[in-house]
Amino acid sequence: SILVIIIILILSINNKFNRPNKDYSEIFDITTNKNNVIVTSYKDFEYFSLKIPNDFVLMKEEDIQIKYPSDNGPSIVYANEDASINVNVKITDTTLKNNEVKESVKDLEKVFKKIDENVDVNFFTLRGHTIGEIKLISKAVDTNIYNHMLTFSVNDKMAIISFNCPEYKMDEWKDVSDFIMKSLKFNE
């Protein structure tokens, strides 16, 4: 019986190391908890790339101005058909060095805690870039909005990627948001 256990262990170890490693960057679809399959493809944003749902369309500049009337709104927005769910990108003029990302995100956290005391902030490193991740619920005119953001430095400028959807769609779209944000690749 000891020999059988040893053989099983050897086979399971051998099996474990001979399995092909699935590269996350090669996975392009995610199934929501409502069994909707969201197919994505990489979009290039000069310094980095990100998976965007194929059904999302690039919003026109005038539509972005209506949806985000502030001068600090995003410069690129991909949205679903009714523009209720979107992924937006902005490389700001704000100077931000890689070693300043944590401090900057912690400052943002203080501001966001005035909006939602349950702000979730995490940090990770990707190819030498410090990334600040922020999740919160904010208030809009007619509903609450789930926000999932990544903040980092590119060419010593602050870059922000944000996924937004109405809070009532958050249960279905939260995993999709995570999938999109985990797809971030730097074009270096």
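1. Let's start with how the chain connects to itself. Among contacts (heavy atoms within 4.5 Å) between residues at least 6 apart in sequence, 48% join residues at least 24 apart. Please keep in mind that this is a predicted model, in which local features need pLDDT of at least 70 and side-chain atom pairs count only at pLDDT 80 or more, while totals for chains, interfaces and linings use all residues. Residues are numbered from 1 along each chain as its sequence is written, and side-chain values use heavy atoms, with hydrogens and water left out.

2. Next, the overall inventory. The chain has 4 helices and 11 strands; these are DSSP runs numbered from the N terminus, with helices being H or I of at least four residues and strands being E of at least two. Of its 188 residues, 42% count as buried. Here buried means under 20% relative accessible area, exposed means over 50%, and partly exposed is in between, using a 1.4 Å probe and protein chains only. The chain exposes about 11,700 Å², of which carbon and sulfur atoms supply 51%; accessible areas come from the Shrake-Rupley method with a 1.4 Å probe, and for residues only the protein chains shown count as cover.

3. Now to the sheets, beginning with the one made of 4 strands. This open sheet runs S1-S2-S3-S11 with antiparallel pairing, where two strands pair if DSSP finds at least two bridges between them. Strand S1 (29–31) and strand S11 (185–186) each have a single partner strand, so one side of each is left without a neighbour in the sheet. Strand S2 (residues 37–44) is joined to S3 by 5 bridges, and Asp44 stands opposite Ser49 in S3. On the other side of the pairing list, 2 bridges join S3 to S11, with Ser49 opposite Lys185 in S11. In the S2 and S3 hairpin, 3 residues lie between the strands, and Glu46 takes a positive phi near 70°.

4. Strand S3 deserves a look of its own. In a regular strand the side chains alternate between the two faces of the sheet. What covers the two faces of S3 can be read from its residues: Phe48, Leu50 and Ile52 on one side, and Ser49, Lys51 and Pro53 on the other, are all buried. That agrees with the count, in which 6 of its 6 residues are buried.

5. The other sheet to find is an open one of 7 strands, in the order S4-S5-S6-S10-S9-S8-S7, again with antiparallel pairing. Strand S4 (57–58) and strand S7 (120–126) stand at its edges, each with a single partner strand, so one side of each has no neighbour in the sheet. S8 and S9 pair over 8 bridges, and Lys139 stands opposite Asn144 in S9. Helix H3 packs on this sheet, touching S7, S8, S9 and S10, and its direction makes about 5° with that of S8. Helix H4 packs on the sheet as well, touching S6, S8, S9 and S10, at about 155° to the direction of S10. Axes are lines fitted to C-alpha atoms, for helices over the stretch in contact, and angles run from 0 to 180 degrees between N-to-C directions.

6. Which residues have the most contacts inside the largest nonpolar core? They are Phe48, Phe152, Ile161, Phe163 and Leu184, in a core of 29 residues. Such a core is a set of buried Ala, Val, Leu, Ile, Met, Phe, Trp, Tyr and Cys residues joined through side-chain atoms within 4.5 Å. Elements giving two or more residues to this core include strand S3 (48–53), strand S10 (157–166) and helix H4 (170–182). H4 gives the most, with 6 residues. Apart from this core lies another, of 10 residues, among them Val105, Phe112, Leu136 and Met149.

7. A few single residues are worth clicking on. Beyond its neighbours within four places in sequence, Phe48 is in contact with residues including Val89, Phe152, Ile161 and Leu184. Ser104 sits in helix H3 (residues 101–113) and counts as buried at 15% relative accessibility. Most residues other than glycine have a negative phi. Arg127, in the loop between S7 and S8, has a positive phi near 45° and counts as exposed at 53% relative accessibility. Asp156, in the loop between S9 and S10, has a positive phi near 60° and counts as partly exposed at 36%.
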